[in-house]
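User: I want the reasoning behind the labels for this model. Take me through the terms one by one.

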Amino acid sequence: MAQEVTTLDAELEAVRAEALRRLDEVTSVDEAAAWERDYLGGKGRVTQLLRGLGSLPAEQRPAAGRATQALKAELTEKYDDVGARLKAAARQQALAEDAIDVTLPGRPVIIGAAHPISQMIDELIEIFALLGFQAVFGPEVETGHYNFDLLNIPSDHPARDVWDTIIVESPNEEIVLRTHTSPMQARTMERMQPPVRVIVPGRSFRFEAQDASHEWMFTQLEGLAVDENITMADLKGTLRELARQLFGPTRRVRFRCDFFPFVEPGVDFAVDCAICDGQGCRVCKHTGWLEMGGAGMVHPNVLKGVGYDPEKYTGFAFGLGIERIIMMKTGVSDLRAFAGNDVRFLRQFARPIV
Ligand code: PHE
């Protein structure tokens, strides 16, 4: 009997010594798991010892059980210590690998910026807001009805050819890419009653050969004011204020007779060249003047077409090229640059987004 106990004690000691030695050699979480399986797992050595206790004589079991449990407790505690140490080490290593050198210079972040045309549209919207104009937007694909008919340009009228129209194929209706922003005159008046004061920024399209001053796509700003007693003086005052807001307080504007079927009288308007102060230079082609667009008093037929009484209401309208204004202000000499998508060109206009 005593023999049995002694054998068990020796075996416990042997298992203990071996387990501790092997635990000392463990260097990874995986190795620790294997160790745990070998000694404390379901088929591990200590578990087997515990199972074997049942075969001991009853009077030896309590002491043997305590000794084996004590070994299990000791090994479990040591194993937990080693596991915690390994986990901490793994964490340290992961942190070291992920470490960021905060002293390295940052990588430049390229931030997009508004296109120069969008910037100019924003500026124009602001200027006209101060004059009481509201910005409205309309479709780029238009019907001939709005693009021409309601603008006093019937289909048999030769003036229809003046706008080199890009036609969208369509079996039943005349569909075009709008040749100007003027179709929004009728669209706006159909929707509201006087007083009307709107501007319409937007793209327009014409079938044209491209060169430095011609593009098949360009951006216009339409203006329309209709009310009782609107006169040519209101038109001139509005465009003069626009020129001064855009080009400086001493700018002068010039109006000359011109023809557009939807205005009577019609004018073209120009601003004296801000670069040479009207003296004549390359930008103004030595004329001293920069052409800005067309304008005039809304034709009675246009008012009638939208159901306004031309005896009661009068109005003025104007249309100008937004790219042209940017060119005058910045000296950009080729219209094609605006839709060319060359970031080196565009970046020159980038300003911080606020
Ligand atoms: N729509 C005309 C054009 O594109 C410009 C214009 C607008 C003229 C309004 C008079 C009045 O040529």
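Analyst: What follows goes from the ligand site to single helices and residues.

Analyst: This is a predicted model, where local features need pLDDT of at least 70, side-chain atom pairs count only at pLDDT 80 or more, and totals for chains, interfaces and linings use all residues. Residues are numbered from 1 along each chain as its sequence is written, and side-chain values use heavy atoms, with hydrogens and water left out.

User: What makes a residue part of the ligand's surroundings, and which are closest?

Analyst: A residue is near a molecule if one of its heavy atoms lies within 4 Å of it. Here 15 residues surround the ligand. The closest are His180, Ser182, Arg206, Gln220 and Gly319.

User: Why is the pair between Ser182 and the ligand called a polar contact?

Analyst: The term needs a pair of N or O atoms within 3.5 Å; within protein, one must be able to donate a hydrogen and the other to accept it, and residues adjacent in sequence count only if both atoms are side-chain atoms. An N or O atom in the Ser182 side chain is 2.8 Å from a nitrogen atom of the ligand, so the pair meets the 3.5 Å limit. Gln220 has a side-chain N or O atom 2.9 Å from an oxygen atom of the ligand. Taken alone, the ligand exposes 330 Å² (Shrake-Rupley method, 1.4 Å probe). The protein buries 93% of that.

User: Which strands supply at least two residues of the shell?

Analyst: Strands S6 (217-227), S9 (289-298) and S10 (314-321) each do (strands are DSSP runs of E, at least two residues; helices are runs of H or I, at least four; both are numbered from the N terminus). S10 gives the largest share, three residues.

User: Why is Thr143 called buried?

Analyst: Buried means under 20% relative accessible area, exposed over 50%, partly exposed in between (1.4 Å probe, protein chains only). Thr143 has 15%, so Thr143 counts as buried. Thr143 sits in strand S2 (residues 141-143).

User: Is Leu104 buried or exposed, and how do you know that?

Analyst: Exposed: its relative accessible area is 58%. Leu104 lies in the loop between helix H4 (61-97) and helix H5 (116-130).

User: Why do the buried residues of H3 line one face?

Analyst: Helix H3 (residues 45-52) has Val46, Thr47 and Leu49 as its buried residues. Seen down the axis, they fall within an arc of 160 degrees, so they line one face of the helix. The arc is that of the directions from the helix axis to the C-beta atoms.
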